[in-house]
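Grab a pencil and try these short exercises. Each one comes with a solution worked step by step.

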Amino acid sequence: MSESIDPDPSRDGAALHGPVARLLRPLVRLLVQRGITFPALTDLLRELYVNVAEYDFALPGKEQTDSRVSLLTGIHRKEVRRLRGAGAPVSQVPATVSRTSRIIARWLAAPDFTDGNGRPLPLPRTAEAGAPSFESLVAGVTKDVRPRAVLDEWLDRGVAVLDPEGRVQLLEAAYLPRGGAEPQLYYFGRNLHDHLAAAVENVAGPAPRFFERAVHYDGLSDALAARLESRAREIAMDALKQANAEAHAACTDDPGGRHRWNFGIYIFREEVEAPEAGRGRAP
């Protein structure tokens, strides 16, 4: 991948200071909360700057040099030489995350495991051959883990419960890991990366490439803000369920390849000290 360099980077760079400070503030709050100091973040950023300059800004047909990486990043050539080739930090998908998300996606999308309204059916643990069951649900995704082991894990985490008839009932309409453990931190990195990557592509490119929109209203009462948040959750879950169902069905005949796709929705509200004048609307 190659990219041209703006001959006057200060022109756009200065304009980015405010927006970058705003988007980094929640991240810095999390870093301070988790005990990640500024020097530790500086070390990580230094590695990332070198990695991005080395691979994302290479010129076609030319070997990337320490001098050019140093010029692009402002990092001394001695440090560049030390850091080059180390590779950017990669967030591997934890096995339990991949397995759980695929099983839930199938439960929410496959006609055999949903009712007429697209809601996940309560499933018996086992059933006659060909009949829907939790065992057949899991077996359709992985043969490496016994369905009983998956069920025990889900019951322990509160992903599912057993109803009075002994059937397995999904408690979450989506996989919502909590507590800052490995699964939640994986999605933290993945989802924010993809949202930010889409926004960066739209800003850096000649024309917006990815759909990235938001609806926002300011100066609302607490009651209305809470009601809009609740309603937005309903709308968002309906959209996610529909997208999941269509993607699940389409994957059946897809030959497979190297692409990945992510469709995400976020909702946020907060109390501000001084509401801005007027009520903004930005579809």
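Here are three exercises on this predicted model.

Residues are numbered from 1 along each chain as its sequence is written. Since the model is predicted, local features need pLDDT of at least 70, side-chain atom pairs count only at pLDDT 80 or more, totals for chains, interfaces and linings use all residues, and side-chain values use heavy atoms, with hydrogens and water left out.

**Exercise 1.** Find the mean pLDDT of the protein.

*Solution.* Step one: pLDDT is the predictor's confidence in each residue, from 0 to 100. Step two: its mean here is 86, and 87% of the residues reach 70 or more. Step three: look at residues 1–5, where the pLDDT is below 50. Where pLDDT is low, don't read the predicted coordinates in detail.

**Exercise 2.** Check whether the length of helix 9 agrees with its expected span.

*Solution.* Step one: helices are DSSP runs (H or I, at least four residues), numbered from the N terminus. Step two: the expected span is 1.5 Å times one less than the number of residues. Step three: helix 9 covers residues 222–251, so its 30 residues should span 44 Å. Step four: the end C-alpha atoms are 43 Å apart, which agrees.

**Exercise 3.** Is Val32 buried or exposed?

*Solution.* Step one: buried means under 20% relative accessible area, exposed over 50%, and partly exposed in between (1.4 Å probe, protein chains only). Step two: Val32 has a relative accessible area of 60%, so it's exposed. Step three: place Val32 in helix 1. For contrast, the buried residues of helix 9 are Ala225, Ala236, Ala243 and Asn244.

How values were computed. Helices (H or I, at least four residues) and strands (E, at least two) are DSSP runs, numbered from the N terminus. Contact means heavy atoms within 4.5 Å.
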